Amino acid sequence: MRYFSDYTNYNHLNKILSYKVDTNKVKQHLQQASKNGATSQPQHDNLSISEEGHRALKEKMVVVKAKETGDIKKLPSLSSGYFGIMNNFEKIMSELGDGSVSDDFVTNDYSQKSVDALKVRFEKEEGTRTDTFDRYVNKMASAYQLMKDQIEEKYVSSDRQKEYYIAQDGSTQELTKEKELEMLDKAYETHSQLMATSTQIWSEMRDFKLQIVYHSSQKEDRVSSTKNQSTHIKEQAYHAFMSAINDENSELLKNETGSFNHFRLNLGISSFERNTLNSIWDYYANKK
């Protein structure tokens with residue numbers, strides 16, 4: 001994880017400082033020093049810093065000092081940015097699935113109490129598992145909504161301190177609500193792509209097990225058909241994941257007071273496609 005870059009944002013400092021050089025004074029001083037044989041230093045250039053610029057420069061120097069002393073990881077105002085949000089999202093998903101992930105890389109925004117409260121909404125069920133895909137979609141959408149609400153609440157607080165993150169170009173930039181929400185969207189999309197690909201793989205594996213009963217002369221056509229179908233399944237799954245966090249579904253989640261196990265969001269796919277995705281997930285869920 002990157003905490004600081006050796007790149008220094010001089011453009012940012014130039015905006016802070018209003019720097020004026022009096023070239024005539026410098027020239028006169030040099031001429032006088034030459035006559036006197038003196039080696040005294042030239043007069044200082046005029047340097048004017050606005051009050052806002054002074055504060056920004058002071059904040060910048062705190063970061064620079066932390067880098068020089070090796071305490072940059074301890075700087076509370078420096079956020080881990082996208083990677084921190086991604087780690088938070090993945091840890092929530094792991095906990096909702098009864099998994100265990102280290103706290104080493106989660107941010108201070110991670111709320112164990114809120115996650116525990118959400119976990120209760122996905123109580124364990126005995127017997128044959130059904131609607132496994134829908135259940136997982138609900139977990140993803142709930143985790144996303146929880147983090148979104150926490151980000152928005154943080155920026156409403158009057159005592160919130162400024163935070164900074166390292167941008168891709170190496171510069172240190174102020175963290176904003178818009179930027180954090182953008183990072184959350186990216187983290188959610190990355191997870192959606194991963195799980196859509198997993199759904200495709202599971203579909204191919206299941207269909208491969210079913211197709212072995214066919215005669216060898218029919219097998220080639222069957223494999224080709226399976227690959228085309230699994231590609232379509234990946235697209236369906238990805239579309240369902242991304243649709244789960246639209247405004248309509250956000251309101252549905254907020255208004256639901258009961259269990260999320262069999263709660264159905266509007267995923268923008270047909271009933272047949274939805275049943276197919278659930279059957280793929282149920283097949284492997286019940287194999288455990």
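The exercises below, each with a worked solution, concern a predicted model of a single chain.

**Exercise 1. Overall make-up**

Determine how many helices and strands there are in the chain, and what percentage of its residues is buried.

Solution. Begin with the secondary structure, where the chain has 10 helices and 5 strands. Then turn to accessibility, for which the cut-off is a relative accessible area under 20%; buried residues make up 38% of the 288 residues in the chain. Finally, consider the contacts between residues at least 6 apart in sequence, of which 71% join residues at least 24 apart.

**Exercise 2. The packing of H5 and H6**

Describe how helix H5 and helix H6 pack, giving the angle, the distance between the axes and the residues that make the contact.

Solution. The first step is to locate the two elements: H5 covers residues 112-119, and H6 covers residues 132-156. Next comes the geometry, in which the two helices pack at an angle of about 145° with their axes 11 Å apart, and H5 passes H6 in a right-handed crossing. On the H5 side the contact is made by Ser114, Val115 and Leu118, while H6 contributes Ser142, Ala143, Leu146 and Gln150. Sorting these residues by character gives 4 nonpolar, 3 polar and no charged. The loop between H5 and H6 holds Asp131, and the phi angle of Asp131 is near 55°, a positive value in a residue other than glycine.

**Exercise 3. A glutamate in H7**

Establish whether Glu180 is buried or exposed, and find which side chain it joins in a polar contact.

Solution. Start from the position of Glu180, which lies in helix H7 (residues 177-211). Because its relative accessibility is 3%, Glu180 counts as buried. Leaving out residues up to four places away in sequence, Glu180 touches Ile85, Asp109, Ile151, Lys154, Tyr155, Glu163 and Leu175. For Tyr155 there is a further detail, in that a polar contact of 2.8 Å joins its side chain to that of Glu180. As a last step, compare sequence with space: Glu180 and Glu152 are 28 residues apart along the chain, and their C-alpha atoms are 9.4 Å apart.

**Exercise 4. Two further residues of H7**

Work out how accessible Leu184 and Ser203 are, and identify residues distant in sequence that they can be paired with in space.

Solution. Leu184 is placed in helix H7, and its relative accessibility of 0% is why it counts as buried. Not counting residues up to four places away in sequence, Leu184 touches Ile85, Tyr144, Met147, Lys148 and Ile151. In the case of Ile151, the separation from Leu184 is 33 residues in sequence and 9.4 Å from C-alpha to C-alpha. Ser203 also has its place in helix H7, and it counts as buried because its relative accessibility is 1%. Its C-alpha atom is separated by 8.7 Å from that of Trp281, although the two residues are 78 residues apart along the chain.

**Exercise 5. Helix H10**

Compare the span of helix H10 with the span expected for it, and list the residues of H10 that are buried.

Solution. H10 runs over residues 271-285 and has 15 residues. From its first C-alpha to its last it reaches 20 Å, which is close to the 21 Å expected at 1.5 Å a residue. The buried residues in H10 are Glu273, Arg274, Thr276, Leu277, Asn278, Ile280, Trp281, Asp282, Tyr284 and Ala285.

**Exercise 6. Ser243 and Gly97**

Classify Ser243 and Gly97 by accessibility, and describe the surroundings of each.

Solution. Ser243 lies in helix H8 (residues 216-243), and because its relative accessibility is 13%, it counts as buried. Leaving aside neighbours within four places in sequence, Ser243 is in contact with Asn249, Asn266 and Leu267. Towards Leu267, the side chain of Ser243 reaches the backbone oxygen at 3.4 Å. Gly97, by contrast, is found in the loop between helix H4 (81-96) and H5, and its relative accessible area of 46% makes it partly exposed. Gly97 and Lys139 are 42 residues apart in sequence, with their C-alpha atoms 8.7 Å apart in space.

How values were computed
Residues numbered from 1 in each chain as written. Predicted model: local features only at pLDDT ≥ 70, side-chain atom pairs only at ≥ 80, totals over all residues. Heavy atoms only, no water. Axes fitted to C-alpha atoms, helices over the stretch in contact; angles between N-to-C directions. Helix = DSSP H or I, 4+ residues; strand = E, 2+ residues; numbered from the N terminus. Left-handed = near helix turned anticlockwise from the far one by under 90°. Contact = heavy atoms within 4.5 Å. Nonpolar A, V, L, I, M, F, W, Y, C, P; charged D, E, K, R; others polar. Buried < 20%, exposed > 50% of the residue type's maximum accessible area, 1.4 Å probe, protein only. Polar contact = N/O pair within 3.5 Å; in protein donor to acceptor, adjacent residues only side chain to side chain. Expected span 1.5 Å × (residues − 1).
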